[in-house]
Amino acid sequence: MSFSTSSKSTLDINSSSFDPEYYVQDLLRKKGLEELVAVEQDMVNNVRRLDSEMQSLVYENYSKFLNATSTVKDMQNRLTDAHNEMNSLSSRMDKIADLSDSLTEKFAKNCERVKKLNEARDSVKRLEFLIKAPQILQTCVEQNDFSKAVNTFVSIQPKLEKLKNLPSMAGIASDSEKIMEGVKKQVEIKLSEQLERRLISSESVIQAVQLLKKLGISENELENQLLSTFEREIYSELNKLREEENEQQQQIPGELPTNIKFNDIFEFVDTGCCHFLTN
C-alpha cells in the first residue's frame, strides 16, 4: 500500500517527490510510440504555456515594482519640498512674532498718548459744534424747523451753561439763548393760533406743547395759557350774545325790526348754547 502511494507521488509532476527518470521509464513501459509523441507534444505545449505565464507575471510584477519605485521617489521629493517649505514658514513665523513683539513694545509706549490725542480730537469736535451752534440754530429757524432747533439746543444747553462764563463762549451762549427765545415766542404764537381755531387735538398743538416743555415752560403755565385762551373765547361769545340781545330790546314798539337776527327765543337760546358749550 505504501509502495503504491510512493510510486504515484513519484510519477506526479506536481508532487515534490517527482522523479523524472522513473517517470520516463514508466512511460516507455506503458506507452506506444504514438502515445509517447502525444505526451511529448502535450508537455511541450504545457511548458510553453507555463513559460508564457511566467513571463507575463514577471513583466507585470516588474512594471508594478517600477511604478512603486517611481511613486516612492515622488513621495520622497514631495516630502522633501514640504519639509523645506515648513522650515521656511517656521522661519517667517519667528520673524513675524519678533516684529509683533517689537511693534507691541513701541505702541505700548505711545498708547496713552494716542488715547489722549483721540480725547482731545473729540473735545475739539464738540467745541467746534458749540461754536457753530448759533449758525445751526438760525438755519433751523429760517427753515421753520423748530423741532430740530429745540432738540439741538437742549442737547448743547448743559455744555453752554458750563462754558458761558468763559469770555470766548459768553457771546455764543448769549446768541443761542436769544435765538431760542425767539423760537419760544413763535411756538407760543402758533399754539395760541391753533387754540383760537379750537384745534386742541391737532398734531401741531401737541408738537408745540412738547417743544415748549423742552424749553422749560412748566405744565401749569401751559394749562393757564390754555384756560386763558378758552376764557377769552367764552367772554367773546357772551359779549356777542349781549349785544344781540340789546339790539333786540332797543327796537321801537310798533315797528318791524330792521335787523332781526333771531326768529324766536328758541333760536337765540340754541345759538348761545351751541357756541358757549363748544368753547
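Analyst: A helix in this predicted model is a DSSP run of H or I that holds at least four residues, and helices are numbered from the N terminus. In those terms, Asn144 sits in the loop between α4 and α5.

User: What makes the phi of Asn144 worth a remark?

Analyst: The phi of Asn144 is near 60 degrees, which is a positive value in a residue other than glycine. Along the chain, Asn144 comes after α4.

User: Why is Asn144 called buried or exposed?

Analyst: The relative accessibility of Asn144 is 52%, and the cut-off for exposed is over 50%; Asn144 therefore counts as exposed.

User: Why does Ser176 count as buried or exposed?

Analyst: Ser176, which belongs to helix α6, has a relative accessibility of 0%. Buried requires under 20%, so Ser176 counts as buried. With its neighbours within four places in sequence left aside, Ser176 is in contact with Ala133, Pro134, Leu137, Phe153 and Leu160.

User: Which residues of α4 are buried, and how do you know how they are arranged around its axis?

Analyst: In α4 the buried residues are Ala133, Pro134, Leu137, Cys140 and Val141. Around the axis they cover an arc of only 125 degrees, and for that reason they are placed on the same side of α4. As a general matter, an α-helix has 3.6 residues a turn, so residues three or four places apart point the same way.

User: What makes one face of α2 the buried one, and which exposed residues does the face turned away from it carry?

Analyst: Helix α2, residues 20-30, has Tyr23, Asp26 and Leu27 as buried residues. Because these fall within an arc of 100 degrees when seen down the axis of α2, they line one face of the helix. The face turned away from that buried side carries Glu21, Leu28 and Arg29, which are exposed.

User: How do you know which residue caps the N-terminal end of α2?

Analyst: A side-chain oxygen of Asp19 lies 3.4 Å from the backbone nitrogen of Glu21, and since a polar contact needs the N or O atoms to be within 3.5 Å, the pair meets that cut-off; Asp19 is accordingly described as the cap of the N-terminal end of α2.

User: Which residues touch the most other members of the largest nonpolar core, and which helices supply it?

Analyst: This core has 25 residues, and Leu160, Met180, Val183 and Val187 touch the most other members. At least two residues come from each of α4 (133-142), α5 (146-163), α6 (167-196) and α7 (203-214), with α6 giving the most, 8 residues. Beyond its neighbours within four places in sequence, Val183 is in contact with Val141, Phe146 and Val150.

User: What is the make-up of the protein, and how many of its 279 residues, in percent, are buried?

Analyst: The protein has 9 helices and 0 strands, and 16% of its 279 residues count as buried. Its exposed surface is about 21,700 Å², of which carbon and sulfur atoms supply 55%.

User: Which elements have the lowest and the highest mean pLDDT, and where is the pLDDT below 50?

Analyst: Helix α9 (residues 265-278) has the lowest mean pLDDT among the elements, 55, whereas α4 has the highest, 86. The pLDDT is below 50 over residues 254-260, a stretch with 5 contacts in the model beyond near neighbours in sequence. Where pLDDT is low, the predicted coordinates should not be read in detail. For the protein, the mean pLDDT is 76, and 76% of the residues reach 70 or more.

Conventions:
Residues are numbered from 1 along each chain as its sequence is written. This is a predicted model: local features need pLDDT of at least 70, side-chain atom pairs count only at pLDDT 80 or more; totals for chains, interfaces and linings use all residues. Side-chain values use heavy atoms; hydrogens and water are left out. A nonpolar core is a set of buried Ala, Val, Leu, Ile, Met, Phe, Trp, Tyr and Cys residues joined through side-chain atoms within 4.5 Å. Buried means under 20% relative accessible area, exposed over 50%, partly exposed in between (1.4 Å probe, protein chains only). Contact means heavy atoms within 4.5 Å. Accessible areas come from the Shrake-Rupley method with a 1.4 Å probe; for residues, only the protein chains shown count as cover. The arc is that of the directions from the helix axis to the C-beta atoms. A polar contact is a pair of N or O atoms within 3.5 Å; within protein, one must be able to donate a hydrogen and the other to accept it, and residues adjacent in sequence count only if both atoms are side-chain atoms. pLDDT is the predictor's confidence in each residue, from 0 to 100.
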